[in-house]
Amino acid sequence: MTEITPELVRHLAGLARIEVTEAEVAQFASQLALIVDSVATVKAVASQDIVATSHPIPMSNVFREDVVTPSLTQKEALSGAADSDSGRFKVSAILDEE
Amino acid sequence: MELLSKSASELASMLVKKEISSVELTKAQLDNIDKLNPKINSYLTVTHELALSQAKQVDDQRAKGESLPALAGVPIAVKDNLATIGIATTAGSKILQGWVPPYDATVVKKILANKMPMLGKTNLDEFAMGSSTENSAYGPSLNPWDLTRTPGGSGGGSSSAVASMQAPLAIGSDTGGSIRFPAAVTGTVGVKPTYGAVSRYGLIALGSSLDQVGPVTRNVMDAAMLQDAIAGHDPMDATSLPESLGSMTEAAKNDSVKGLRIGIIKELTGEGFQKGVSEKFNEALEVLVAAGAEIVEVSCPSFQYAIAAYYLIQPAEASSNLARFDSVRFGLRVMPEGAATVEKVMSATREAGFGPEVKRRIILGTYALSSGYYDAYYGSAQKVRTLIQADLAKAFEKADVLVSPTAPTTAFKLGEKQEDPLAMYLNDIATIPANLAGIPGMSLPVGLAKEDNLPVGAQFLAPAREDARLYKVGAVLEKLLEAKWSKKMMDFAPELKVN
């Protein structure tokens with residue numbers, strides 16, 4: 001039985017930058033434990049000598065000419081921003097006051 | 001109403017012969033949307049003015065005798081995870097409520113180039129995670145065959161729109177079955193092309209190695225014409241196939257299955273499938289055999305790990321893809337109380353903006369990718385992918401196409417699968433392997449299950465790049481079944497009462 005503890009859920013939510021509530025922590029812990037148990041079966045069949053597949057249709061060296069082409073204007077790029085200033089995205093302080 | 005049940009290819013032909021104008025057709029379509037959508041909730045956004053102005057442009061060009069693309073003037077619906085300039089694109093999520101993209105997805109550009117008026121954006125499970133649209137932040141869509149049931153997902157908006165004559169056809173996306181499963185439970189046709197056949201640029205990414213855009217239609221020829229319209233190499237998508245896969249429209253004109261070897265996948269038959277579903281599936285096979293096809297049995301033992309592998313790979317890729325929804329450049333921004341760092345704003349925003357299934361999968365994906373677990377979970381799942389491709393390659397030595405019921409059951413009731421997340425995942429048992437392997441798959445209707453009179457879909461699979469085989473067999477099966485029934489699948493649908 002996999003150990004999906006509330007502490008682990010809080011840690012993972014922190015990594016994923018989602019401020020989960022305590023109720024969610026409890027719920028996710030039990031749901032994820034069930035899911036992880038069921039998906040863990042992949043470990044049984046994945047032996048050393050099998051090569052992993054990350055790309056279903058392998059392609060290599062996908063290049064284009066190094067030529068500048070039209071892209072989004074600054075205005076378009078900022079059009080979805082909650083806050084902007086002087087042509088830049090505006091956010092809250094990056095570092096804590098302390 | 002008879003007009004609106006016609007296929008896209010029939011409508012295209014009527015438009016060419018000037019038996020109807022695109023404005024008339026589009027207006028009739030919009031009127032039906034206004035009538036049905038408040039109840040069925042297929043559309044999140046209806047673009048009345050845009051559609052009519054696009055329709056008028058086509059009519060004007062046609063009047064001047066200009067040469068037009070095959071589907072010009074036929075209106076179409078677009079799943080709301082495809083970016084459309086100037087038109088809200090939500091991905092079924094609160095975190096993108098009201099987001100207006102500054103760019104068009106490549107497939108949207110192609111729809112515009114084919115001069116198909118855009119009716120609107122259809123509902124989906126949030127970020128395409130789900131099989132019922134119950135995970136949409138904007139309410140579920142309903143199944144026109146039975147309004148107490150779901151139309152499948154994640155593309156339930158598109159499937160319910162096409163099945164209730166609110167659109168002749170639609171574009172959807174399929175990551176684990178999101179086009180094919182809704183097609184099966186709504187009696188429509190849905191195709192997931194070979195990975196890379198259609199550009200993913202502008203498709204809000206869920207699982208980048210699994211996603212593919214494809215057609216949602218009422219018949220095989222329409223799907224063929226639409227796939228031809230949207231497919232093709234795109235320099236903006238680095239996984240886009242450099243070569244063309246040929247004309248699906250030509251393939252759909254095929255009239256013979258003599259000598260076609262059809263492989264029944266052993267692992268996708270038997271007890272896990274609703275009796276009525278298996279019955280209709282087997283009847284469809286009998287029809288094909290009577291027409292000269294050969295049945296062989298194939299086995300893909302690695303399929304028993306497919307769901308497990310998928311629910312590791314997809315959440316892992318999703319956790320990475322959804323990291324961009326961070327309140328900074330677009331979408332929702334929630335400011336927590338007091339002085340908050342941007343990190344706190346991100347966390348508060350994502351907490352408020354994502355629904356429970358999305359959060360669950362992001363956390364699961366984060367776990368699968370985290371240090372100490374990466375090899376055991378994500379790494380192992382990637383190896384299962386290799387095994388699945390190997391099993392399929394072996395199967396395709398014995399058969400030209402593979403076949404299975406598209407789904408284990410017919411449409412389920414709203415709320416029926418909400419208790420246990422695993423129960424919902426099992427809907428995709430037959431559709432997932434195609435996404436893991438990158439091969440194309442088609443679901444087409446093969447009848448109504450005896451127990452509940454609800455649509456059943458059969459799924460065909462072909463090797464990568466051999467999408468044409470799907471259209472060849474699909475076209476013939478459809479013709480044979482319609483002859484057997486003396487009607488089309490949609491003619492069996494009960495009358496819709498929405499008042």
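A polar contact is a pair of N or O atoms within 3.5 Å; within protein, one atom must be able to donate a hydrogen and the other to accept it, and residues adjacent in sequence count only if both atoms belong to side chains. The exercises below use a predicted model.

**Exercise 1. The interface**

Task: Describe the interface between chain B and chain A by residues in contact, buried area and polar contacts.

Solution:
1. Start with the contacts: 62 residues of chain B touch 53 residues of chain A.
2. Next, the area. About 4,900 Å² is buried between chain B and chain A, and 70% of it lies on carbon and sulfur atoms. In chain B, the residues that lose the most area to chain A are B:Arg360, B:Ile363 and B:Lys383, together 13% of what that side buries.
3. Then the polar terms. Between chain B and chain A there are 14 residue pairs in polar contact, with both residues at pLDDT 80 or more.
4. Assign the side of chain B that touches chain A to secondary structure. Helix 10 (306-321), helix 11 (342-353), helix 12 (356-369), helix 13 (375-398), helix 14 (421-425) and helix 15 (432-437) of chain B each supply at least two residues. Helix 13 of chain B gives the largest share, 12 residues.
5. Sort that side by residue class: 37 nonpolar, 14 polar and 11 charged.

**Exercise 2. A salt-bridge network across the chains**

Task: Which residues are joined with B:Lys359 into one network of salt bridges?

Solution:
1. Count the salt bridges between chain B and chain A: there are 2.
2. Take the pair A:Glu24 and B:Lys359, whose side chains form a salt bridge with an N to O distance of 2.6 Å.
3. Look for another partner within chain B. B:Lys359 also forms a salt bridge with B:Glu351, with the closest N and O atoms 3.1 Å apart.
4. Join the pairs through the shared partner: A:Glu24, B:Glu351 and B:Lys359 make one network.
5. Check the surroundings. B:Glu351 is in helix 11 of chain B. Its relative accessible area is 17%, under the 20% limit, so B:Glu351 is buried. B:Lys359 is buried as well.
6. List the contacts of B:Glu351 beyond four places in sequence: A:Ile18, A:Glu19, A:Val20, A:Thr21, A:Glu24 and B:Lys359.

**Exercise 3. Two salt bridges within chain B**

Task: How are the partners placed along the chain in the salt bridges B:Lys56 to B:Asp60 and B:Arg261 to B:Asp400?

Solution:
1. The side chains of B:Lys56 and B:Asp60 meet at 3.1 Å, N to O. These residues are separated by about one helical turn, because they are 4 residues apart in helix 3 (residues 48-63) of chain B.
2. B:Lys56 is partly exposed at 46%, and B:Asp60 is partly exposed at 35%.
3. The side chains of B:Arg261 and B:Asp400 meet at 3.0 Å, N to O. This pair links distant parts of the chain, 139 residues apart: B:Arg261 is in strand 7 (residues 261-265), and B:Asp400 is in the loop between helix 13 and strand 9 (401-405) of chain B.
4. B:Arg261 is partly exposed, with a relative accessible area of 26%, whereas B:Asp400 is buried at 17%.

**Exercise 4. Backbone geometry in loops**

Task: A:Ser86 and B:Ser327 are to be classified: buried or exposed?

Solution:
1. Phi of A:Ser86 is positive, near 50 degrees, in a residue other than glycine. A:Ser86 sits in the loop between strand 1 (84-85) and strand 2 (88-89) of chain A. With 61% relative accessibility, A:Ser86 is exposed.
2. B:Ser327 is not a glycine either, and has a positive phi of about 75 degrees. B:Ser327 belongs to the loop between helix 10 and helix 11 of chain B. With 2% relative accessibility, B:Ser327 is buried.
3. B:Asp326 lies in the loop between helix 10 and helix 11 of chain B and is buried at 12%. The side chain of B:Asp326 reaches the backbone nitrogen of B:Val328 at 3.0 Å.
4. For a cis peptide bond, turn to B:Gly153 and B:Ser154, where omega is about 5 degrees. B:Ser154 is in the loop between strand 3 (118-122) and helix 5 (156-163) of chain B.

**Exercise 5. Nonpolar cores**

Task: Which residues touch the most other members of the largest nonpolar core?

Solution:
1. The core has 79 residues, and those with the most contacts to other members are B:Val74, B:Leu82, B:Ile171, B:Phe460, B:Tyr471 and B:Leu477. Helix 16 (residues 467-485) of chain B gives the most to this core, 9 residues.
2. Beyond four places in sequence, the contacts of B:Leu82 include B:Ala105, B:Val107, B:Ile171 and B:Val213.
3. Another core, of 74 residues, lies apart from the largest one; among its members are A:Leu8, B:Trp99, B:Leu206 and B:Ile388.

Key: Residues numbered from 1 in each chain as written. Chains lettered and ligands numbered in written order. Heavy atoms only, no water. Contact = heavy atoms within 4.5 Å. Buried area = accessible area lost by both parts, 1.4 Å probe. Salt bridge = Lys/Arg side-chain N within 4 Å of Asp/Glu carboxyl O. Nonpolar A, V, L, I, M, F, W, Y, C, P; charged D, E, K, R; others polar. Core = buried A, V, L, I, M, F, W, Y, C linked by side-chain atoms within 4.5 Å. Buried < 20%, exposed > 50% of the residue type's maximum accessible area, 1.4 Å probe, protein only.
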